[in-house]
Every structure is written in structure tokens, then in C-alpha cells.
Amino acid sequence: MWKLLLITTLLLTKTTVYGQKNSSFELDFIGRYDKHADYTTRFGDRSYTNDTKLWGKSFGFNINYIKSLYNHVNTKVGIGYYNLGVDKIRQTTPFNIIATGRNINYRHPSGILPLFATNKYYYVNLSLNVGLAYERLIAKKVDFIAGGDFNYLYTFSQLYHITYDDIRYRTNNGRTLGFAANTYFGLLRKVHTDKYYVSPKIIVPIYQQLRGDEAFGEDQSIKMEKWFNGVGVSLTIGKYL
């Protein structure tokens, strides 16, 4: 995955040298709601599995470099912060028991050993992204913009809400969380003598793949895949170079 992202970034950077001179830096704020997973999982070495569905709100920001390729097409390379949240859980066991939380590997400081559960949790991520966008003037100082991007997520911190005693359990297990492909469309408005721009957009997630979490007794080779799994919005503030 790292090799694919690096090769794509190098190709995009090399290509932009021969494109138009227009370029910009931008700060992109993102908010999303997704159905992250609908899969079958097993906690540790239990003899049975659970049907698990996960939903959640996520937010973050990216710092992007934009460069014109040709005509109305731009390329994008960026890095950012992304907090992927799971705040709704529905888990069904073979015994027709429906739970709104899931068991987690947690050791209480006092040494008590009940089976703990979490009902919401968050992955704090480094986000890397590359993409292409199409812009076309539709009114004075206003462009229509549509595009797509590829996001790679590397989680470096995880926060789980333990239902027992409202404990906040934080871990710092660095690993690949997953990746996603998205499309978006919106408007771009030039401001302040055309040196800056503001761009609100609607995000349409196309594909997302997340990895298993050892905190839930899962192997990281487990893949949770979803197509057209949510919706999001973004607000971009940029400056032309």
C-alpha cells in the first residue's frame, strides 16, 4: 500500500511539471457519517461468531497541494488528520441476542477480571491522499468542481469507551487502518482579488476497507469492505500561488 501511494504521488508530481502554472495550497475540513462494517466476527477463541454492524461520525482536515494538469483538470496531493468514529454498534449472536456494544480485551487497574465491553470508539489517523478534479467556470468567479480521491489511513492512537465505570481506554498501536476511494462535487468561489477561494462540497464515499482490530480479538488480516457506505461534506479554503 505504501509503495502504491508513493508511486502514484511521484507520478502526479512529475506530471504537473509539464502542466499549467496555476497551483494552490488549501486547507480542507471534512465531516462524514458512514456505515463502516457489516460482517461476521469472532471474539478471541470463542466457538461462535457474531454478526456485527458498525456506524459512526468522523471528522478531520487535509492540507493539500493543487496543480493544474491541462484544460480544466487539476491534480491533488495531501496529508492530514482524520478521526474515524464508531458510535453505533449492533451485534447479533447465534442465540438471537442483540447487543449495542462489543466485548474488548481490557485489563482493569484494580485487577478485576469481568468481560468488559465498549459501546463507542475512535481511531486517530494520519491521512494521505491523492486525487484528480475537474473545474469549469459557471458564473463570474464561481466554478463547478467535481473529482475523486484515494485515501490511506494509518492509525497511531485509539480511544475506546468502556461501559463499566465510563472508562476511557486509550492505546497507541501504530498500524494501517485501511483505505478509501471517494468522489465529490460542489462549487468554488474566488475571493479577495482572486487570490483566495472557498469551496463547499458534498462527499460521496465509493469504497472503504478497514482492517480487523486486536482489541476485539480480531486478526488484522480481517477486511471490512463497504461500497457506497455513507455521505459527507467538506469546506475548503485555498490560496493561489
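**Strand pairing, ring pairs and a nonpolar patch**

Strands β1 and β13 pair in the antiparallel sense, with 11 bridges between them. The model in which this pairing appears is a predicted one. Within the pairing, Phe25 has Lys239 of β13 as its bridge partner. Strand β13 also runs antiparallel to β11, and 8 bridges join these two strands. Here Lys239 of β13 appears again, as the bridge partner of Tyr196. The side chain of Lys239 can be placed as well: Lys239 lies over the face of Tyr196, at 5.6 Å from the ring centre.

The wider frame is as follows. The chain holds 1 helix and 13 strands. Read from the N terminus, the order of elements begins with α and continues with β elements up to the end, α-β-β-β-β-β-β-β-β-β-β-β-β-β. The C-alpha trace spans about 65 × 35 × 30 Å along its principal axes. The chain has 241 residues, of which 46% count as buried.

From β11 the pairing can be followed to other strands. Strands β10 and β11 pair in the antiparallel sense over 12 bridges. In this pairing, Phe179 has Gln209 of β11 as its bridge partner. The two strands β10 and β11 form a hairpin with 4 residues between them. In the turn of that hairpin, His192 has a positive phi of about 55°. Strand β11 also pairs with β12 (residues 223-227), in the antiparallel sense and over 5 bridges. Arg211 has its bridge partner in β12, namely Lys223.

The aromatic side chains come next. The structure holds 15 aromatic pairs. One of them is formed by Tyr121 and Tyr160, whose rings are tilted, with 5.7 Å from centre to centre and 35° between the planes. Tyr121 belongs to strand β7 (residues 117-139) and Tyr160 to strand β8 (residues 142-162), so this pair ties together parts that are 39 residues apart in sequence. Tyr121 counts as buried because its relative accessible area is 1%, under the 20% limit for that class. Tyr160 is buried as well, at a relative accessible area of 2%.

A further tilted pair is made by Phe179 and Tyr207, at 6.1 Å centre to centre and with 45° between the planes. Phe179 lies in strand β10 (residues 175-191) and Tyr207 in strand β11 (residues 196-211), so the contact ties together parts that are 28 residues apart in sequence. The strands that carry these two rings, β10 and β11, are the ones that form the hairpin described above. Phe179 is buried, with a relative accessible area of 16%, and Tyr207 also counts as buried, at 13% relative accessibility.

Ring pairs also build a cluster, which links Tyr106, Phe116, Tyr121, Tyr123, Tyr160, Tyr164, Tyr169 and Phe216. Both Tyr121 and Tyr160 from the tilted pair discussed above are members of this cluster.

Another ring carries a charge over its face. The charged end of Lys88 sits over the ring of Trp55, 4.5 Å from its centre.

The remaining feature is on the surface. A nonpolar patch of about 870 Å² is made by Phe25, Phe29, Phe61, Ile63, Tyr65, Ile79, Val198, Leu235, Ile237 and Leu241. Three elements give two or more residues to the patch: β1 (23-41), β2 (50-70) and β13 (230-240). Of the elements, β2 gives the most, with 3 residues. Phe25, a member of this patch, is the residue whose bridge partner in β13 is Lys239. Phe29, another member of the patch, is placed in strand β1. Phe29 counts as partly exposed because its relative accessible area is 39%, a value that falls between the 20% limit for buried and the 50% limit for exposed. Patch members need over 30% relative accessible area.

Taken together, β11 pairs with β10, with β12 and with β13, while β13 also pairs with β1.

Key: Residues numbered from 1 in each chain as written. Predicted model: local features only at pLDDT ≥ 70, side-chain atom pairs only at ≥ 80, totals over all residues. Heavy atoms only, no water. Patch = residues over 30% accessible without salt bridge, like charges linked within 9 Å, V, L, I, M, F, W, Y side chains within 5 Å. Areas by Shrake-Rupley, 256 points an atom, 1.4 Å probe, with all protein chains shown as cover. Salt bridge = Lys/Arg side-chain N within 4 Å of Asp/Glu carboxyl O. Buried < 20%, exposed > 50% of the residue type's maximum accessible area, 1.4 Å probe, protein only. Phe/Tyr/Trp six-rings, centres within 6.5 Å; stacked < 30°, edge-to-face > 60°. Lys NZ or Arg CZ within 6 Å of the ring centre and 35° of its normal. Pairing = 2+ DSSP bridges.
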